[in-house]
Amino acid sequence: VQLQASGGGLVQAGGSLRLSCAPSGRTFSSVTVGWFRQAPGKEREFVAAITAWSGSSTYYADSVKGRFTISRDNAKNTAYLQMNSLKPEDTAVYYCAARTSYYTGVNLMMLRAYDYWGQGTLVTVSS
């Protein structure tokens with residue numbers, strides 16, 4: 001599975017961005033997608049995840065609940081991370097990741113839950 005994340009950029013605090021992740025090499029509907037981020041000098045952390053198939057379940061880090069929304073469009077083979085009310089502390093490189101096996105009982109907030117990682121896209125939020 002190859003992953004391509006896009007949509008990052010520079011935005012003012014309070015603004016919005018939408019990130020996209022387009023896994024290839026696997027039936028997209030069978031892929032669980034996670035978003036993580038890594039700020040300078042910090043460890044990579046979980047942001048959001050959406051499980052495979054229709055009727056997907058979603059999970060969020062407490063720091064982004066109510067501001068970020070993860071979704072997927074299986075017809076377009078793309079997952080999205082809509083980021084609203086951005087704050088300077090959201091500044092980071094954002095990575096999408098894919099899990100291709102079962103997800104039931106798996107802690108999708110852990111990095112090791114994912115089999116494949118894409119190159120990141122930089123999000124910079126100015127104050």
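**Exercise 1. Determine whether F46 is buried or exposed, and characterise its aromatic pairing.**

Step 1. F46 has a relative accessibility of 9% and therefore counts as buried, where buried means under 20% relative accessible area, exposed over 50%, and partly exposed in between (1.4 Å probe, protein chains only). The model is predicted: local features need pLDDT of at least 70, side-chain atom pairs count only at pLDDT 80 or more, and totals for chains, interfaces and linings use all residues. Residues are numbered from 1 along each chain as its sequence is written, and side-chain values use heavy atoms, with hydrogens and water left out.

Step 2. A search of the whole structure yields 4 aromatic pairs. Rings of Phe, Tyr and Trp (its six-membered ring) pair if their centres lie within 6.5 Å; planes under 30 degrees apart count as stacked, over 60 as edge-to-face, and the rest as tilted. F36 and F46 make an edge-to-face pair, with 5.6 Å centre to centre and 75° between the planes.

Step 3. F36 belongs to strand β4 (residues 32–38) and F46 to strand β5 (residues 45–50), so their pair ties together parts that are 10 residues apart in sequence. Strands (E, at least two residues) and helices (H or I, at least four) are DSSP runs, numbered from the N terminus. F36, at 0% relative accessibility, counts as buried.

**Exercise 2. Classify the pair formed by Y114 and W117, and place these residues in an aromatic cluster.**

Step 1. The ring centres of Y114 and W117 are 6.1 Å apart and the planes stand at 70°, so this pair is edge-to-face.

Step 2. Y114 counts as buried at 5% relative accessibility, whereas W117, at 30%, counts as partly exposed.

Step 3. One aromatic cluster is formed by F36, F46, Y114 and W117.

**Exercise 3. Identify the rings over whose faces R72 and R99 lie.**

Step 1. The criterion is that NZ of Lys or CZ of Arg is within 6 Å of the ring centre and within 35 degrees of the ring normal.

Step 2. R72 lies over the face of F28, 4.5 Å from the ring centre. R99 lies over the face of Y102, at 5.1 Å from the ring centre.

**Exercise 4. Describe the surroundings of T78.**

Step 1. T78 is located in strand β8 (residues 78–83). Its relative accessibility is 11%, and T78 therefore counts as buried.

Step 2. The T78 side chain reaches the backbone oxygen of K76 at 2.8 Å.

Step 3. Leaving aside residues up to four places away in sequence, T78 touches S20, C21, A22, F28, R72 and D73, contact meaning heavy atoms within 4.5 Å. F28 and R72 are thus among the residues that T78 touches, and R72 lies over the face of F28.

**Exercise 5. Locate the disulfide and state its handedness.**

Step 1. A disulfide is taken as a pair of cysteine sulfur atoms within 2.5 Å, and the count comes to 1 disulfide. It joins C21 and C96, whose sulfur atoms are 2.3 Å apart.

Step 2. C21 lies in strand β3 (residues 17–21) and C96 in strand β9 (residues 92–99), so the pair ties together parts that are 75 residues apart in sequence.

Step 3. The torsion about the S-S bond of C21 and C96 is about 70°, so the disulfide is right-handed. Both C21 and C96 are buried.

**Exercise 6. Find where N77 and S85 lie, and give the phi value of each residue.**

Step 1. Most residues other than glycine have a negative phi.

Step 2. N77 has a positive phi, near 55°. N77 occupies the loop between β7 (68–73) and β8 and is partly exposed, with a relative accessible area of 38%.

Step 3. S85, also not a glycine, has a positive phi of about 50°. S85 is placed in the loop between β8 and β9, and at 41% relative accessibility it counts as partly exposed.

**Exercise 7. Summarise the overall architecture of the protein.**

Step 1. The protein has 11 strands and 0 helices.

Step 2. Its radius of gyration is 14 Å, close to the 14 Å that the globule rule gives for 127 residues, so the protein is as compact as a globular protein of that length. The radius is taken over C-alpha atoms, and the rule is 2.2 Å times the number of residues to the power 0.38.

Step 3. The C-alpha trace spans about 40 × 25 × 25 Å along its principal axes. Of the 127 residues, 44% count as buried.

Step 4. Among contacts between residues at least 6 apart in sequence, 57% join residues at least 24 apart.

Methods. A polar contact is a pair of N or O atoms within 3.5 Å; within protein, one must be able to donate a hydrogen and the other to accept it, and residues adjacent in sequence count only if both atoms are side-chain atoms.
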